Amino acid sequence: MLTKAQIRECLDEMESMFPDAHCELNHENAFELTIAVLLSAQCTDALVNKVTKDLFQKYKDPEDYLNVTLEELQSDIRSIGLYRNKAKHIRNLCERLIEHYNGEIPADHKELTTLPGVGRKTANVVMSVAFNWPAIAVDTHVERISKRLGICRWKDSVLEVEQTLMKKVPKDEWSATHHRMIFFGRYHCKAQRPDCPNCPLLYLCREGKKRQKKVNQGVS
């Protein structure tokens, strides 16, 4: 496990590599962001952006999603994985927003998680990006990077990863760290082909050292 000083080195290096890291889901307000994050489950941001380009022109508010049939909404997001369940979640979410929140996304983490299709990760993203609330949303990239580097344990659950990062990263850096770790995982330390030989954090990374050792020993 990395020491506090080593974690600081990792955070500083990621900031140096990706100083402009940000949410790559296109949106204009908290409602669109919530829909986009819901759609992004097990799907790339690039594909979501491709779909929402037309979707957000057609649907401006919760009422719009309820004024069409479920089948029509499914057709509009058909290219996205799990589109049937996601369409149901979107409609149920919109119904709850109208019934309980005057059609607006609540700026409260606990209330966000009561919305259909909105789990802890989605709520963290919305609170952080839309409402500037400090949060670390643990997606596959954040979890992978945290465990590869040794900030967290391999056996840690997603919630345990989040809790560990919240303890080890200064609170005023939570949101920025979340985005930088995603960029680091998406564009550098990829799931299948991490760029270990050219990684500035190789000297700290337990996973990278193991991979390079295998390469040096001629093990594929």
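"Which residue forms a salt bridge with R8? Let me start there, and then move on to the domains. Keep in mind that what we have up on the screen is a predicted model.

So, R8. The partner is D12, and the closest N and O atoms of the two are 3.0 Å apart. Why do these two sit about one helical turn from each other? Because they are 4 residues apart in helix 1, which covers residues 4-17. As you all know, side chains of opposite charge can pair when their charged atoms come close. The structure as a whole holds 11 salt bridges, and the R8 and D12 pair is one of them.

Okay, the domains. The protein splits into domain 1, made of 4-21 plus 137-211, and domain 2, which is 30-131. So the sequence of domain 1 comes in two pieces, with domain 2 numbered in between. Going by C-alpha atoms, the centres of the two domains are 28 Å apart.

What do they share? On the domain 1 side, 9 residues are in contact with 7 residues of domain 2. The area buried between the two domains is about 580 Å², and carbon and sulfur atoms give 49% of that. If you want three residues to look at on domain 1, take A137, E162 and R186: together they supply 51% of the area that domain 1 buries against domain 2, more than any other three residues.

Now hold on to E162, please. Its side chain meets that of R120 in a salt bridge, at 2.7 Å from N to O. R120 falls within the domain 2 range and E162 within domain 1, and the interface has 2 salt bridges in total. Counting polar contacts, we get 4 residue pairs between the domains.

Which helices of domain 1 supply at least two residues each to the side that touches domain 2? Those are helix 10, at 158-168, and helix 11, at 174-187. Helix 11 gives the most, with 4 residues. And by class, that side of domain 1 has 3 nonpolar, 3 polar and 3 charged residues.

Last thing, the annotation. UniProt, in an unreviewed entry, places a feature called "domain: HhH-GPD" at residues 39-187. In our model that span is 65% helix and 0% strand, and its end C-alpha atoms lie 21 Å apart. Residue 187, where the feature stops, is also the last residue of helix 11.

That's it from me; let's go back to the structure and discuss."

Definitions and conventions:
Residues are numbered from 1 along each chain as its sequence is written. This is a predicted model: local features need pLDDT of at least 70, side-chain atom pairs count only at pLDDT 80 or more; totals for chains, interfaces and linings use all residues. Side-chain values use heavy atoms; hydrogens and water are left out. Domain bounds come from an automatic or database domain assignment. Contact means heavy atoms within 4.5 Å. Buried area is the accessible area (1.4 Å probe) that two parts lose on being put together, summed over both. A salt bridge is a side-chain nitrogen of Lys or Arg within 4 Å of a carboxyl oxygen of Asp or Glu. A polar contact is a pair of N or O atoms within 3.5 Å; within protein, one must be able to donate a hydrogen and the other to accept it, and residues adjacent in sequence count only if both atoms are side-chain atoms. Ala, Val, Leu, Ile, Met, Phe, Trp, Tyr, Cys and Pro count as nonpolar, Asp, Glu, Lys and Arg as charged, and the others, Gly among them, as polar. UniProt positions are given in the numbering used here, feature names are shortened, and annotations may be inferred rather than shown by experiment.
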